[in-house]
Amino acid sequence: MDRYGTDVLSGDWKVPQRGRAVEAPADLGQVVEEVTTDFCGEIVAVDRDLHTVTLEDRRLKRRTFPLGAGFLLEGRPVILTAPVTKAAPARPTRTASGSIAVHDAKARVARASRIFVEGRHDAELVEKVWGDDLRIEGVVVEYLGGVDDLADHLRDFKPAPNRRVGVLVDHLVAGSKESRIAQGIMRSAVGKDVLIVGHPFIDIWQAVKPSRLGFEAWPKVPRGIDWKKGTCQQLGWPHRDQADIARAWKHILGGVRGFQDLDPALLGRVEELIDFVTTS
């Protein structure tokens with residue numbers, strides 16, 4: 001071996017450890033880090049006139065920086081540029097739920113059958129991911145304030161073989177009050193025309209994969225503490241009042257692109273309900 005045979009100065013010895021910065025468009029939704037302040041967040045706005053980019057971190061705090069050098073994207077240095085205006089994108093071939101997209105189709109006349117969803121946030125999530133499919137199938141989703149009122153709603157609705165009802169219930173686990181109510185209804189005279197399913201989550205927020213929102217797992221909130229407020233507190237999000245909780249949910253829902261961002265425990269239950277109310 002010739003220990004003097006290698007030229008240590010051969011090659012590009014001046015190259016930085018993370019590589020040289022390359023230009024990258026500041027596309028909305030990308031997560032970047034500004035190196036001088038260590039501020040890391042999702043790109044939520046780009047101002048072409050002011051030549052700035054606005055980032056929002058996981059605590060919902062926003063900061064605006066000049067476009068250009070000084071950012072890291074996936075750990076590599078980049079020079080952020082304003083996104084190039086593109087031609088109208090091709091129409092998606094799939095809906096948010098993964099179904100084949102049907103473009104320019106008129107919404108079907110509503111079926112007699114319905115899906116009841118317990119919780120306003122739950123209903124909004126169902127609409128965002130399965131809304132296109134439900135309109136094609138003519139299925140109306142109705143918001144259910146609480147499972148305690150389910151029997152009254154069913155009494156008014158009068159389920160029948162051609163008038164089925166699917167119900168999505170929060171935190172439907174063995175031994176719970178919700179499970180006892182569900183079992184009682186399923187054993188009743190209308191039970192054959194009603195399907196009640198539920199997800200195992202304390203709150204529908206947990207059905208969204210935490211990795212999509214920038215953290216590894218949903219916090220464990222001690223009993224006796226409101227779950228939503230406790231979650232926001234542990235994540236460092238504002239949680240003083242209901243307006244803060246609403247903003248937190250808006251942030252979570254905004255991170256959902258489609259079925260790929262949801263836990264399979266919810267996906268299967270919603271698909272089961274859709275099949276139940278659309279099958280003759």
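Start with the whole protein chain in cartoon: you should be able to pick out 6 helices and 11 strands. Helices here are DSSP runs of H or I with at least four residues, strands are runs of E with at least two, and both are numbered from the N terminus. Keep in mind that this is a predicted model, where local features need pLDDT of at least 70, side-chain atom pairs count only at pLDDT 80 or more, and totals for chains, interfaces and linings use all residues. Residues are numbered from 1 along each chain as its sequence is written, and side-chain values use heavy atoms, with hydrogens and water left out.

**The whole chain**

Switch on a surface. The accessible surface of the protein chain is about 16,800 Å², and carbon and sulfur atoms own 52% of that; areas come from the Shrake-Rupley method with a 1.4 Å probe, and for residues only the protein chains shown count as cover. Of the 280 residues, 40% are buried. Buried means under 20% relative accessible area, exposed means over 50%, and partly exposed is in between (1.4 Å probe, protein chains only). As for contacts (heavy atoms within 4.5 Å), take those between residues at least 6 apart in sequence: 62% of them join residues at least 24 apart.

**Stop one: the parallel sheet**

Select β8 to β11. These 4 strands make an open sheet in the order β9-β8-β10-β11, paired in parallel; two strands pair if DSSP finds at least two bridges between them. At the edges you'll find β9 (140-144) and β11 (194-198), each pairing on one side only. From one strand to the next, the twist averages 20 degrees. Axes are lines fitted to C-alpha atoms, for helices over the stretch in contact, and angles run from 0 to 180 degrees between N-to-C directions.

Zoom in on β10 (residues 165-169), which runs parallel to β11 and is joined to it by 5 bridges. Show V169 and you'll see its bridge partner G198 in β11; likewise, L168 has V197 as its bridge partner.

Now add the helices. Helix α1 (residues 120-137) packs on the sheet and touches β8 (114-118), β9 and β10, with its direction at about 145 degrees to that of β8. Helix α3 (residues 177-186) also packs on the sheet, touching β10 and β11, and its direction makes about 165 degrees with that of β11. Follow the chain through β10, α3 and β11 and you have a right-handed β-α-β unit: with the strands pointing away from the viewer, the path from the first strand over the helix to the second runs clockwise.

Is β11 covered on one face or both? Both: V194, I196 and G198 are buried on one side, and L195 and V197 are buried on the other. In a regular strand the side chains alternate between the two faces of the sheet.

**Stop two: salt bridges**

Show Lys, Arg, Asp and Glu side chains. The whole structure has 13 salt bridges, each being a side-chain nitrogen of Lys or Arg within 4 Å of a carboxyl oxygen of Asp or Glu.

- Select R111 and E137, whose side chains meet at 3.2 Å, N to O. R111 sits in the loop between β7 (76-81) and β8, and E137 in helix α1, 26 residues apart. R111 counts as buried at 18% relative accessibility, while E137 is partly exposed at 28%.
- Next, pick D152 and R155, meeting at 2.7 Å, N to O. Both lie in helix α2 (residues 150-157), 3 residues apart, or about one turn of the helix. D152 is partly exposed at 40%, and R155 is exposed at 53%.
- Then try D203 and K228, with their closest N and O atoms 2.5 Å apart. D203 is in the loop between β11 and α4 (227-235), K228 is in helix α4, and 25 residues separate them. Both are buried.
- Finish with E127, D132 and R135, joined into one network by salt bridges that share partners.

**Stop three: the mixed sheet**

Select β1 to β7. The 7 strands form an open sheet in the order β1-β7-β6-β2-β3-β4-β5, with mixed pairing. β1 (22-25) and β5 (62-66) stand at the edges with a single partner strand each, so one side of each has no neighbour in the sheet. Neighbouring strands of this sheet are turned by 50 degrees against each other on average, direction ignored.

Last, zoom in on β6 (residues 68-73), which pairs with β7 in the antiparallel sense over 4 bridges. Show L73, and R76 in β7 stands opposite.
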